[in-house]
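Me: I am new to this structure and would like a close look at a single part. Could you walk me through it slowly?

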Amino acid sequence: MDDGTKLPRRAFLVMAGSATLAACGAVRETSPPQAQLPPLEPAAPQQPGNVLGAGTVRVGLILPLGASGNAGAAAQSLRNAAEMAIAEFTGANIQLIVKDDGGTAPGAQAAAGQAIDEGARALVGPVFAHTVAAAGQVARQRGVPLVGFSTDTNVATQGVYLLSFLPQTDVERAVRFAASNGRRAFAGIVPDNAYGSVVEAAFRETVPQAGARVVGLERYGTGGAAQFQEAARRIAASANQADALFLPDAADSVPQILQALDGAGVRLDGKQLIGTGLWDDRRLFSVASVAGGIFAAPDPAGFRAFAERYRARFGKEPVRTATLAYDAVTLMAALANAHGENGLTDAAIQTPSGFAGIDGIFRFRADGTNQRGLAVMQIGSGAVQIISPAPRSFAQAS
């Protein structure tokens, strides 16, 4: 459906069949314990008004603005990005009701209830798994969709959507690319933590779907070099049968793992090294042993352009995940402009053709998770280059 409104190039495209309308990348979180949510508490006294935009459709924006340290600073960057989204969307007919959850579950419950009581027809945020779960409980009970920024898919569900960079998507894109280029035997060595569990599950699922097989997989603990060496010895025989090695860890660990594998007799030459978004780190780009390795990530051009506009407006650098707030708010503005307050629905948010945002195309699944169109990046000579561009539509991606 096209409302006929002329939109700036910075707006998003909602791709629904042949129609086009303007529409529409969370703080890296620790993994808080998945404790049972506390019962809903009576609403706390209302916070002082904090409103962005002058539209008629109200949307709650819940962030840990009062949290200490990096969380509070990142929340302010997300708030700035939300303000920027409204300013850059021509004729945005939304008004953001900004609420501070303090980074706590009770705070998120109270903030969600207050925003809905004040007329919010949808919620954007919070950031962390425990706060998304708490706010989502309120949102579902009140029949209001929520688009949050946690990376923990345990808190996603129908009506509680995650617009974050999910590691499962990284794994799927990179593994499928490697398989499409003839890799058939995959081995993995993953950290024994919550992140490792997520990416291992995605790896085990995607490899056979891509027409290949997992020939070996080992985990290592947090003991540093000794743990790497032990896991390398266990997987050495299987790794020598593989033509692709999956190493989903950060820049300070990957070179040590490769050294341990080499020391265990694994022949690394000719094997495709595969990482995740954790590899998007300049410290890794000049490591000779990682040269030729690949990982999936959004095309960096989108964030570069966003950051330039952000700096011009606010005089400081945005956090990398500020684009999440920008995309979520622009999505809400597009749906509101197209359909009014009744347009902020699960059906609209789950548009199968998806949306194009700062970090490329994305769409929401019915289970609350998202799917993104990512580029495949290759490390070499102190930099990364795109070797497989991000798809421009989900029809192209399929």
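At roughly what angle do the axes of helix H4 and helix H5 cross, and within what distance do they come?

Reply: Happy to help! This is a predicted model, in which local features need pLDDT of at least 70, side-chain atom pairs count only at pLDDT 80 or more, and totals for chains, interfaces and linings use all residues. Residues are numbered from 1 along each chain as its sequence is written, and side-chain values use heavy atoms, with hydrogens and water left out.

Now to your pair. Helix H4 covers residues 167-180 and helix H5 covers residues 194-209; helices here are DSSP runs of H or I with at least four residues, strands are runs of E with at least two, and both are numbered from the N terminus. The two axes cross at roughly 35 degrees and come within 9 Å. Such axes are lines fitted to C-alpha atoms, for helices over the stretch in contact, with angles running from 0 to 180 degrees between N-to-C directions. The crossing of H4 and H5 is right-handed, a word used when the near helix is turned clockwise from the far one by less than a right angle.

Which residues make the contact (heavy atoms within 4.5 Å)? From H4 come Pro167, Gln168, Val171, Glu172, Val175 and Arg176. H5 brings Tyr195, Val198, Val199, Ala202, Phe203, Thr206, Val207 and Gln209. Sorted by type, the residues of this contact are 9 nonpolar, 3 polar and 2 charged. Here Ala, Val, Leu, Ile, Met, Phe, Trp, Tyr, Cys and Pro count as nonpolar, Asp, Glu, Lys and Arg as charged, and the others, Gly among them, as polar.

From H4 you can also step across to a strand. Ala178 is one of the residues in contact with Gln272, leaving aside neighbours within four places in sequence. Other partners of Gln272 include Arg183, Asp243, Leu245 and Ile294. Gln272 itself belongs to strand S12, residues 272-274. Why is Gln272 called buried? Its relative accessibility is 13%, and buried means under 20% relative accessible area, with exposed over 50% and partly exposed in between (1.4 Å probe, protein chains only). Gln272 and Ala242 are 30 residues apart along the chain, while their C-alpha atoms are separated by 9.1 Å.

So the picture to keep is of H4 passing H5 in a right-handed crossing, with Ala178 among the contacts of Gln272.

Note on methods
Contact means heavy atoms within 4.5 Å.
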